[in-house]
Amino acid sequence: MRRCELIRVLGGIVVGLRPHRLLVVAIAVFALLPIEVSDAGWLPDLFKSSSKHPKAPKRAKSAKPARLARHRAPSKQRATRLAALGPVALPPSASKPAAAKCDPSALRIVLDVGHTAESEGAISARNVAEFAFNLRLARLIEEKLKADGFAETRLLLTEGKARPSLFKRVAAANDLHADLLLSIHHDSVPNKMLEDWEFEGKKRHFSDRFSGYSVFVSRNNPDFKTSLLFAELVAREMKAEGLQYAEQYSQPIMGPDQHPLLNKDTGVYSYDKLIVLRRTAMPAVLLEAGSIINRDEELKMDSPERRNAISSGVASAVKEFCEPRWALLGPL
Ligand SMILES: [Zn+2]
């Protein structure tokens with residue numbers, strides 16, 4: 001279906017729906033928009049009428065997009081009938097989706113600080129642990145979200161060794177009955193790509209080969225569709241901040257770290273086996289904010305400007321997740 005036809009069809013649907021259904025339609029439109037920019041074939045799956053995955057336990061005040069992502073696309077027959085109605089104007093109520101509005105003060109977002117003080121993740125080109133970068137960025141995101149009214153935002157700090165900590169953080173997020181989990185990380189490269197250099201008189205490792213952010217979801221998450229929706233929002237905000245995504249994850253050179261690129265426009269990848277993304281009972285997304293093994297990018301990731309840009313982008317993505325932008329409906 002071409003985009004203009006899609007908009008006409010959905011415009012037709014909008015006419016006959018009550019305001020709380022309008023939100024469903026709006027995000028269905030949003031989720032469909034990447035059709036023309038993706039070649040990974042994930043969108044057909046996005047709109048399968050049933051999921052093979054079990055449903056995640058939902059809190060009473062769960063984010064609306066979780067519900068709407070399971071919305072069925074109109075049947076061909078109905079779509080044809082609705083298309084005949086032609087373009088329509090949105091009713092005044094559509095610009096103010098109060099009936100379906102998600103309540104920022106009730107949306108529980110868990111910001112998972114990647115790695116632990118004991119198992120610090122990657123080591124930067126200048127010998128700083130990834131955990132320190134993750135913690136600093138996650139704290140700023142928490143601050144911005146709380147300032148925006150997302151009072152239930154929780155910073156998740158986990159202790160212990162690497163692998164057990166993965167299960168601990170998943171259990172903690174599930175116990176918190178979070179509506180959404182965002183895991184914050186900073187990127188490196190496989191060991192075989194590391195090169196030597198000297199920094200402050202000591203031998204260190206670096207690789208300037210790759211840079212950029214990347215956003216991961218697991219198709220095994222019990223609410224993959226909503227995870228993908230949020231991942232797209234985060235990735236689009238990173239792009240809007242003028243950042244480029246890391247393209248190497250789709251390349252064979254990454255070996256076991258190669259992952260399917262779900263959207264070549266925004267840089268959303270799937271990482272199906274990642275414990276923190278597939279074992280969590282809520283929609284979950286992992287953000288690699290940027291490379292700290294790349295010497296130039298490490299300096300940028302260490303700057304207040306970059307941290308502000310990324311944390312503002314994430315906060316905007318959460319706001320959009322909670323209250324979709326009606327402008328995305330386009331010229332109905
Ligand atoms: Zn990491």
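This is a tour of a predicted model, with a selection to make at each stop.

**Stop 1: the whole chain**

Show the whole protein and colour it by pLDDT. The average is 78, and 67% of the residues score at least 70. Now select residues 1-99, where the pLDDT is below 50. This stretch has 136 contacts in the model beyond near neighbours in sequence. Select residues 326-332 next; there too the pLDDT is below 50, and the stretch has 19 contacts beyond near neighbours in sequence.

Switch to a cartoon view. The protein has eleven helices and nine strands. Of its 332 residues, 53% are buried. Turn on the surface: about 15,400 Å² is exposed, and carbon and sulfur atoms supply 51% of that area. Among contacts between residues at least 6 apart in sequence, 76% join residues that are at least 24 apart.

**Stop 2: the zinc ion**

Select the zinc ion and the side chains of His115, Glu130 and His185. Which atoms are the protein donors of the zinc ion? They are NE2 of His115, two OE atoms of Glu130 and ND1 of His185, at 2.1 to 2.7 Å from the ion. The angles among the four donor atoms run from 51 to 142°, and the site is irregular. For comparison, four tetrahedral donors would ideally have angles of 109.5 degrees.

Along the sequence, the donor residues follow the spacing H-x14-E-x54-H. His115 lies in the loop between β1 (109-113) and α6 (130-147), while Glu130 is in helix α6, so this pair ties together parts that are 15 residues apart in sequence.

Stay with these two residues and show the surface again. Is Glu130 buried or exposed? Glu130 is buried, with a relative accessible area of 3%. His115 is partly exposed, at 23%.

Check the backbone of His115 as well. Most residues other than glycine have a negative phi. His115 is not a glycine, yet its phi is positive, about 75°.

**Stop 3: helix α6**

Select residues 130-147, which form α6. This helix has 18 residues and reaches 26 Å from its first C-alpha to its last, close to the 26 Å expected at 1.5 Å a residue.

Colour its buried residues. Among them are Glu130, Phe131, Phe133, Asn134, Leu137, Ala138, Ile141 and Leu145. In an α-helix there are 3.6 residues a turn, so residues three or four places apart point the same way.

What do the buried residues of α6 pack against? Their partners are the strands β1, β2 (154-156), β3 (180-187) and β9 (284-291), together with the helices α10 (295-301) and α11 (304-322). After α6 comes Gly149, with a positive phi near 100°.

**Stop 4: helix α8**

Select residues 224-240, which are helix α8. At 1.5 Å a residue, its 17 residues should span 24 Å, and the end C-alpha atoms are 24 Å apart, which agrees. Of these 17 residues, 14 are buried, so α8 is largely enclosed by the rest of the structure. Gly242 follows the helix and has a positive phi, near 85°.

**Stop 5: Gln251 and Val189**

Move on to Gln251, in the loop between α8 and β7 (261-263). Gln251 is partly exposed, with a relative accessible area of 30%. Not counting residues up to four places away in sequence, Gln251 touches Phe210 and Gln258. Draw a distance from the C-alpha of Gln251 to that of Leu261: these residues are ten apart along the chain, and the separation is 9.6 Å.

Then select Val189, in the loop between β3 and β4. Val189 counts as buried, at 10% relative accessibility. Leaving aside its neighbours within four places in sequence, Val189 is in contact with Leu194, Ser207, Phe210 and Ile293. Phe210 is therefore a residue to keep on display here, since Val189 touches it and Gln251 does too. The C-alpha atoms of Val189 and Gln248 are separated by 9.6 Å, although the two residues are 59 apart along the chain.

**Stop 6: Glu200**

End at Glu200, in the loop between β4 (195-199) and β5 (202-206). Glu200 is exposed, with a relative accessible area of 70%. Its phi is positive, about 50°, although Glu200 is not a glycine.

Conventions:
Residues numbered from 1 in each chain as written. Predicted model: local features only at pLDDT ≥ 70, side-chain atom pairs only at ≥ 80, totals over all residues. Heavy atoms only, no water. Helix = DSSP H or I, 4+ residues; strand = E, 2+ residues; numbered from the N terminus. Expected span 1.5 Å × (residues − 1). Buried < 20%, exposed > 50% of the residue type's maximum accessible area, 1.4 Å probe, protein only. Donors = N, O, S within 2.8 Å, 3.2 Å for Na, K, Ca; no water. Tetrahedral: all angles 85-135°; square planar, octahedral: opposite > 155°, others 65-115°. pLDDT = per-residue confidence, 0-100. Contact = heavy atoms within 4.5 Å. Areas by Shrake-Rupley, 256 points an atom, 1.4 Å probe, with all protein chains shown as cover.
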